[in-house]
Every structure is written in structure tokens, then in C-alpha cells.
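Dear colleague,

Please find below the structure I promised to pass on to you. My notes on it follow directly after.

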Amino acid sequence: MKIAHVTAEVVPWSKTGGLGDVAGALPKAQAREGAQVGVFAPFHREARHAAERHGLQLRPTGVGVRVHMGGADFTGTFLEHSWPDGSTTYLFDAPRFFDRHGLYVDENGRDYEDNGFRYAVFCQAVLQAARRLMGGVPDVFHAHDWQAALIPMYLRHAPVPTVLTIHNLAYQGVFHKGLLPAIGLDWSIFNAAQAEHYDRFGMLKGGIATADAVTTVSPNYAVEITTERFGHGLHHFIRNHARRLRGIINGVDEDDWSPRVDPHIASRYSSSHLDGKADCRASLQQEFGLQVNPGEPVLASISRFTHQKGIDLLADIAPRLEQLGAHLIILGTGDAALEDRLRWLDSRHQRLAVQVDFNVPLAHRITAGADMILMPSRFEPCGLNQMYGMAYGTIPVVHATGGLRDTVEHDVTGFLFEIDDAAGLWWALERAIERYRSQHWHYMMMEAMSRDFSWRGPADEYLNLYRELKSTF
Ligand code: ADP
């Protein structure tokens with residue numbers, strides 16, 4: 001089976017969140033199952049830096065495209081990198097659109113004005129080149145999030161199955177309707193049942209309406225987004241498409257996130273050799289200058305600073321860490337007001353350590369060295385850090401929402417709280433810390449580390465979905 005994944009982010013080339021991790025790991029798992037897998041992504045400036053940093057070879061494919069859009073022609077070429085597992089990354093090199101400061105935002109954190117247009121050029125380029133690059137028409141195009149949601153729209157009359165995965169319904173790619181003719185779509189798709197969103201052009205919405213199957217990244221989130229609370233204005237629409245929607249949980253890339261092989265951490269370990277975790281913990285404390293007394297846990301959060309992630313709830317409890325008898329490390333970037341608030345709290349509270357940064361090696365060191373990972377997310381399509389935490393014996397304390405509810409078992413592998421406010425978080429932390437001080441903590445770590453969050457199961461579910469679709473074409 002030939003599978004073409006289309007995504008804006010893919011690890012190790014580019015990443016702003018979980019999408020990059022998933023687009024990096026799922027294709028590898030599918031290639032291991034014997035599929036021919038190509039991953040198409042833009043050659044963002046960040047990807048060029050990643051190639052230099054990791055010494056990754058990028059070969060010119062000799063495949064160039066000319067995309068006619070908005071009355072002009074745009075050219076670009078594809079670079080490729082083949083992985084030992086058999087999958088191939090194809091990066092679309094069009095500097096005019098992708099050799100820029102950030103993936104989606106400029107130096108001032110503002111969205112690029114042409115975001116809709118540049119990902120339309122990318123999607124058209126992929127459709128022009130995929131057959132030549134993959135040695136035949138793919139059996140399925142698997143598009144991820146709004147940036148690739150034009151793939152099912154462009155292919156809606158073509159005899160090729162398409163799958164669209166929603167990684168986060170909060171990001172819908174909504175643009176002025178004038179974009180529609182500019183990117184070669186006709187007005188027939190501009191209606192409330194398809195790509196129209198309150199007189200604007202909703203890319204994700206149009207993709208959901210036209211894809212042959214729609215998935216999202218956990219079974220619980222698939223149900224939640226049919227409700228007003230989690231539907232971001234699309235719940236009625238999603239409900240109409242519920243028959244074509246299924247939730248498939250994300251996995252953990254065990255080559256990247258396993259304490260047995262992790263090159264970033266002070267000492268490697270496993271559930272049968274836990275000494276290494278103590279080393280990681282000690283070196284983390286040293287790195288952050290924490291004075292941790294026996295019996296005091298180190299709590300951690302690694303996250304984008306947005307309203308979604310409930311980082312403000314961590315800020316609310318930070319002044320009371322002494323009362324909890326705990327320390328808290330926060331790594332993240334995002335909302336400027338939250339960054340400032342956390343920096344200010346950091347300067348006043350010894351038990352709090354805040355690092356405003358996007359730093360992957362540090363994320364690994366924190367995951368290994370902390371005792372608990374906190375995720376007070378207001379909504380969470382799947383969430384990866386709770387699974388990384390469990391794999392490293394770092395117990396998750398999470399709001400019972402989305403994929404967090406699907407992956408963390410209360411009182412067994414972690415702690416869940418139902419009400420997403422500071423009191424809810426506090427309730428769960430008190431229970432978690434009480435457990436931490438008991439001999440049962442060790443068993444909880446063992447239980448969490450024994451859970452299988454590998455990509456094998458989810459990768460198979462996607463393959464079965466493609467086969468089902470193919471059989472109906
Ligand atoms: P989302 O995609 O909503 O940001 P996920 O939990 O699905 O949330 O994935 C987040 C990914 O980004 C994880 O791999 C996490 O470790 C990583 N991450 C988030 N913030 C940072 C940061 N400041 N530094 C390094 N990695 C980060």
C-alpha cells in the first residue's frame with residue numbers, strides 16, 4: 001500500500017506541538033508494517049536548520065512543480081530524505097513561502113497574512129508531484145490539520161481515498177472567502193454544509209466535509225467535539241459527520257521517548273533498573289538549583305502557554321507549593337502575559353522554576369527527572385506528555401478531558417480531576433502527594449511504565465481504515 005501523508009510539521013524537521021511528533025512517528029510505524037510511506041511537508045527554514053544540526057542528508061529529487069494560483073505561477077522543487085525504516089520525507093522547497101522566521105507566525109508572533117495561500121500552494125504542489133515521487137498514484141492521501149485540509153477538497157471528485165486527521169479543532173484555518181477562487185476552488189463548495197464558516201472560508205471545515213474519512217486523535221475527543229463545550233463552533237456540523245469520524249489514539253515513538261535509550265538524559269533506566277531515574281532526578285534538581293527535602297516531589301509541566309493548557313492554574317497554585325511540600329518546574333513558551341506572570345512568580349517563589357523556552361533536550365531531562373507531570377488542560381485532543389511521563393515512571397496528574405481521560409487511569413497510573421479550576425488541580429495534587437509519600441508510589445510507577453503506548457496498535461487501525469476505504473472505491 002502506498003500512503004502519502006501531508007502535514008505542515010514533521011519531526012525531526014519541524015515541530016510546534018504534537019502534530020510534528022505524530023507525523024514523525026506514525027509513518028515509521030506504518031513502514032515497519034510493510035507499507036510504502038511518503039511524508040510531504042514544506043521545507044520551512046526550521047527544517048533547513050534541523051538538517052544542518054542533525055547532519056541529515058537532503059537529496060534533490062529532480063521533481064519540480066509549477067503551481068498556477070491567484071493569477072501567477074509559483075515554482076518549487078522537492079528534496080527527499082530516506083529513513084532506515086523505509087519511509088521517505090519529501091520536503092517542498094519554495095523559499096518565497098517557507099524560508100521564514102516561524103512556521104506560521106513572524107518575529108512579532110503575528111500570523112503571516114498569506115497563511116491560507118501558502119499552504120494551498122503546498123497542497124497543490126504535493127498533488128502534482130506525489131505520483132512521480134512515489135512511483136505511482138498513492139492508494140490514500142492522509143492529510144493532517146487545516147494546513148493540509150485542502151487535499152481532500154482538491155481531490156473530492158478524484159478516484160483516490162482521502163483521510164483527514166484533526167489534531168486540534170481549536171485551529172481551523174479560517175480565511176477571507178476571497179481566497180477560494182484564488183486557490184482554484186469553485187464556489188459550489190462555499191455553503192454552510194461544506195467550507196463556509198459564517199461567510200468566511202473554513203479550511204478545516206471544508207476538509208472534514210470532503211474527506212472520505214475523518215479521524216481525531218483519541219476516542220474521547222471524537223465524542224467531545226460533537227458537544228458545544230468542545231466543538232469550537234462546529235459541533236452541529238461535526239455531529240452531522242459523526243458517522244465518518246473515528247478516534248484513534250496517538251502513540252509514543254519509542255525510539256525517541258524511552259528511558260532505556262534516551263540520549264538526552266543523565267542516566268538510562270527501565271522499570272527493572274530504576275537507579276537511573278534517581279540520577280536523572282538529582283541532575284535535574286542541580287540544573288534548576290532546587291533544594292528538595294526527602295519526601296518532597298518534583299512536579300513538572302512542559303507545554304505551550306495557552307489558555308487550552310491551563311497554565312494559569314499552575315500559576316494560581318505556585319504561591320502555595322510550600323503548603324503542598326512540593327517543587328514545580330515549568331518549561332514552555334507562548335502567551336506573553338502568561339510568560340510574564342510565570343517569570344514574576346519565579347522571582348518570588350523558591351520552589352518554582354520557570355524556563356521560558358522551547359527546548360526538546362530539556363523536555364526529555366525534565367520528563368525523566370521529575371516525579372509527576374501536570375496537565376491541567378481545559379481540553380486536550382490526545383496529549384503526549386502524559387504518555388511520555390508514564391513511560392518514564394513520571395506520574396501524570398491531569399484534567400479528565402479528551403485523550404487524557406483515555407490514557408490515564410485514575411489511582412492506577414495517574415490522577416485525574418474532573419473540574420478544571422485551581423481547586424480541582426489542588427484536590428488531585430493532594431492525593432498524588434499523599435501517595436508519593438507512601439510505599440504504593442513505587443507500584444504506581446511500575447504500573448505506568450508497563451502500559452503499552454506504542455504506535456503498533458494505532459498504526460494498524462489507520463491501515464485498516466485505508467483498506468476499508470480502498471475497498472469502496
Ligand atoms: P500540543 O500539540 O497541543 O502542543 P501535545 O501534548 O500533543 O500538545 O504535544 C506537545 C509536544 O510538544 C510534546 O512532545 C511536548 O514535549 C512538546 N513541547 C511542548 N512545549 C515544549 C517546550 N517548551 N519545549 C520542548 N518541547 C515542548
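I begin with strand 16 (residues 372–375), where Met372 and Leu374 point one way while Ile373 and Met375 point the other, and all of them are buried. In general, the side chains of a regular strand alternate between the two faces of the sheet. Please bear in mind throughout that this is a predicted model.

Strand 16 pairs with strand 13 in the parallel sense, over two bridges. Within this pairing, Ala300 has Ile373 of strand 16 as its bridge partner. Strand 16 is also joined to strand 17 (residues 395–399) by four bridges, and these two strands run parallel. Here Met372 stands opposite Ile395 of strand 17. Between strand 16 and strand 17 the chain passes through helix 15 (residues 385–391), and the resulting β-α-β crossover is right-handed.

Strand 13 covers residues 298–305 and contains Ser303. Is Ser303 buried or exposed? With a relative accessible area of 17%, Ser303 falls under the 20% limit and is therefore buried. Apart from neighbours within four places in sequence, Ser303 is in contact with Lys309, Ile311, Leu331, Gly332 and Thr333.

The next point concerns the nonpolar cores. The largest has 73 residues, and Ile366 and Met372 are those with the most contacts inside it. Helix 17 (residues 422–436) supplies the largest share of this core, namely eight residues. If residues up to four places away in sequence are not counted, Ile366 touches Leu284, Phe288, Ala300, Ile302, Ile329 and Leu331. There is also a second, separate core of 67 residues, which includes Phe97, Tyr104, Leu155 and Leu204.

Phe97 also takes part in an aromatic pair. The count of such pairs comes to 20. In one of them, the ring centres of Phe97 and Phe117 are 6.1 Å apart and the planes stand at 50 degrees, so the pair is tilted. Phe97 belongs to helix 3 (residues 95–98) and Phe117 to helix 4 (residues 115–134), so this pair ties together parts that are 20 residues apart in sequence. Both rings belong to buried residues: the relative accessible area is 4% for Phe97 and 16% for Phe117.

A further sheet deserves mention. It is open and consists of three strands in the order 8-10-9, with antiparallel pairing. Which strands stand at its edges? They are strand 8 (174–175) and strand 9 (196–197); each has a single partner strand, so one side of each is left without a neighbour in the sheet. Strand 8 pairs with strand 10 (residues 200–202) in the antiparallel sense over two bridges, and Phe175 has Phe201 of strand 10 as its bridge partner.

Helix 7 (residues 203–210) packs on this sheet and touches strand 8, strand 9 and strand 10. The direction of helix 7 makes about 55 degrees with that of strand 10. Eight of the eight residues of helix 7 are buried, so this helix is largely enclosed by the rest of the structure. The buried residues of helix 7 include Lys205 and Thr210, as well as Gly206 and Gly207. Leu204, also among the buried residues of helix 7, is one of the residues of the second core.

With kind regards

Conventions. Residues are numbered from 1 along each chain as its sequence is written. This is a predicted model: local features need pLDDT of at least 70, side-chain atom pairs count only at pLDDT 80 or more; totals for chains, interfaces and linings use all residues. Side-chain values use heavy atoms; hydrogens and water are left out. A nonpolar core is a set of buried Ala, Val, Leu, Ile, Met, Phe, Trp, Tyr and Cys residues joined through side-chain atoms within 4.5 Å. Buried means under 20% relative accessible area, exposed over 50%, partly exposed in between (1.4 Å probe, protein chains only). Contact means heavy atoms within 4.5 Å. Two strands pair if DSSP finds at least two bridges between them. Axes are lines fitted to C-alpha atoms, for helices over the stretch in contact, and angles run from 0 to 180 degrees between N-to-C directions. A crossover is right-handed if, with the strands pointing away from the viewer, the path from the first strand over the helix to the second runs clockwise. Rings of Phe, Tyr and Trp (its six-membered ring) pair if their centres lie within 6.5 Å; planes under 30 degrees apart count as stacked, over 60 as edge-to-face and the rest as tilted.
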